[in-house]
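Trainee: Could you take me on a close look at one part of this structure? I would like to understand what lines its enclosed space, and what lies around that part.

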Amino acid sequence: MSATREQRPTGPGDPRPPGWLWSGPDGRVVLGIFSLAFLVAFESLAVATVMPVVADELDGLTLYALSFAAPMAVGVVSMTLAGPLMDRHGPALAVRGGVLVFSLGLLVAGLASSMPVFLVGRAVQGLGIGFISVGLYVVIGRTFHEDVRARVFTVMTSAWVLPALVGPLLAGTIADLVGWRWVFLAVPAVALASLGLIWQALDRIDGDPAVVLEGRRVWWAALVAAGVLSVSLAGQRAVTWWPVLLVAALVVTLRYGPRLVPPGSWRGRPGLPRVIATRSLLGAAFVGAETYVPLSLVQHRGLSAAQAGLLLTSGAVLWFAGSWLAAHVPVLASKPLRVRLGSVCVLVGTAAGFLALLDEVPVAVVAAVWGVGGLGMGMALSTLGVLLLDHSAAAEQGANSAGMQISDAVAQSLLLALGSVLFAVLLTVGDRVGYVMVLGLASAVAALGVAMAMRVEAAPG
């Protein structure tokens, strides 16, 4: 996987220059990208809302954690397949198949009569999401000029804002009025309609027959998926031998995970590997803090779950704002500058967790500091997505996009699992000790992300 961008003159088959966004022949493509990203975002937030009801009705409380871990683990396999498959044949077959598989998973989950069947549906959803998420990056890279890509990533980021604002409320209302099953059963029709918006654009993107899919990579992906799943299970400490499971899962994941990403990514080598490393560190840090900040507000400040959830909503809104600023403000034209500023903001945002533990600090201040972190995530991650495409030749965009998202998934699952173990063990020592340690872990990872971001460079040429 080359770290050098392919250089070629603009021609009929090349991404169109600036000016083609919501209008013109690519307007439908932009709307399709938004719609598919919106569906994935809505389903993610909606599932989190209705899962307590699902677990209660299907008598599956002991399998609760697996409903979130299974899609992530299976997604590692589908992303590994998706990258070289799209580079070789173009994204048409994989994206269309991904939407169909995602829809099938929704139907299985919505019609499930038991928790094991529901988990199968969630796993099938993850399989489809892996193809969709990689496909969106390939479509952006092969359809839009490099000067427009940041704006398209802003569109994709905005697709997470509306679900963050209304997703939990809408999902809860649907569950109350007609039952939780319709949170799953109503989505496939919309997913297929969204696919129709980018149908023609998919046919315009060719592949490179020289790209080869290595069979052993699928085997490695399966091992990493098993490792991610096992790390998540061990983090729940549901079995007495969970320490053995945790160590074994970490060994497998850390041994085979680096083989699924561009060489040197987990060591932060210059170029594309450093872009991937920076994104994974910042993403893991933010998710690691996001898990415990609302919980702390509920337990230590007496807020309701809904009130604490508004903190996450404010972070999502400012995430979009950061992405918009990165794409539209001239003073932020330098991509490395945007990544560096964003990374510092993410580090500042993790401090909200510590402030939540201090009764003398107003909740409004906690929310404001957390918002800084969301702003930084929007600025940094959208820019890192653009840099990934800048560092990738056309025939490598699928594989590199898949590698980045695999790295993100593994980093986040590892940090969450380790954090859950640390939190549970230290919470017995003191009421706030567990919080301090897991938030300290997230802040340490964010600091590593800042250090890595300071050395991110623009693609040559």
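Mentor: Happy to help; we will begin at the cavity and then work outwards to a pocket, some helices and the cores. Keep in mind that this is a predicted model.

Let's start with the enclosed space itself. The structure has one cavity of 30 Å³ or more, and about 60 Å³ of space lies in this largest cavity. Which residues line the largest cavity? They are Gly288, Tyr292, Leu415, Leu416, Gly419, Ser420, Val438, Leu441 and Ala442. Two elements, α16 and α17, each give two or more residues to that lining. Of these, α16 gives the most, with four residues.

Now pick out one lining residue, Leu415, which sits in helix α16. Is Leu415 buried or exposed? Its relative accessibility is 11%, and the cut-off for buried is under 20%, so Leu415 counts as buried. Setting aside its neighbours within four places in sequence, Leu415 is in contact with Ala284, Ala285, Gly288, Leu441 and Val445. Two of those names, Gly288 and Leu441, also belong to the cavity lining. For a sense of distance, take Leu58: Leu415 and Leu58 are 357 residues apart in sequence, and their C-alpha atoms are 29 Å apart in space.

Next comes an open space, the second largest pocket. About 410 Å³ of space lies in it. Its lining has 16 residues, and Trp266, Ser280, Leu281, Ala411 and Val445 lie nearest its centre. Val445 should look familiar, as it is one of the contacts of Leu415. The elements that give two or more residues to this pocket's lining are α11 (272-290), α16 (397-426) and α17 (433-453). Here too α16 gives the most, this time with six residues.

Let's move on to Gly378, which is found in helix α15 (residues 363-390). Gly378 has 0% relative accessibility, so it counts as buried. Leaving aside neighbours within four places in sequence, Gly378 is in contact with Trp319, Gly322 and Ser323. Gly378 and Gly135 are 243 residues apart along the chain, and 21 Å separates their C-alpha atoms.

Gly135 falls within the range of helix α4 (residues 115-143). At 1.5 Å a residue, the 29 residues of α4 should span 42 Å, and the 41 Å between its end C-alpha atoms agrees with that. Most of α4 is covered, with 22 of its 29 residues buried.

Finally, the nonpolar cores. The largest one has 84 residues, and Ile33, Val50, Phe118, Met156, Trp180 and Phe184 touch the most other members. Helix α1 (residues 27-57) gives the most to this core, with twelve residues. What does Trp180 touch, leaving aside neighbours within four places in sequence? Its contacts are Val50, Val53, Val54, Glu57, Leu58, Ala109, Gly110, Phe118 and Ala175. Leu58 is the residue we used above for its distance from Leu415. There is also a second, separate core of 25 residues, which includes Leu282, Phe286, Ala308 and Met377.

To retrace the route on your screen, begin at Leu415 in α16, find the cavity it helps to line, and then look for Val445, which is both a contact of Leu415 and one of the residues nearest the centre of the second largest pocket.

Methods:
Residues are numbered from 1 along each chain as its sequence is written. This is a predicted model: local features need pLDDT of at least 70, side-chain atom pairs count only at pLDDT 80 or more; totals for chains, interfaces and linings use all residues. Side-chain values use heavy atoms; hydrogens and water are left out. A nonpolar core is a set of buried Ala, Val, Leu, Ile, Met, Phe, Trp, Tyr and Cys residues joined through side-chain atoms within 4.5 Å. Buried means under 20% relative accessible area, exposed over 50%, partly exposed in between (1.4 Å probe, protein chains only). Contact means heavy atoms within 4.5 Å. On a 1 Å grid over the protein atoms alone, a cavity is a set of points where a 1.4 Å probe fits but cannot get out, and a pocket is an open set with protein on both sides within 12 Å along at least five of seven lines; lining residues have an atom within 4 Å of a point. Grid points are joined across faces, edges and corners, and a volume is the space filled by probe spheres set on the points. The expected span of a helix is 1.5 Å times one less than its number of residues.
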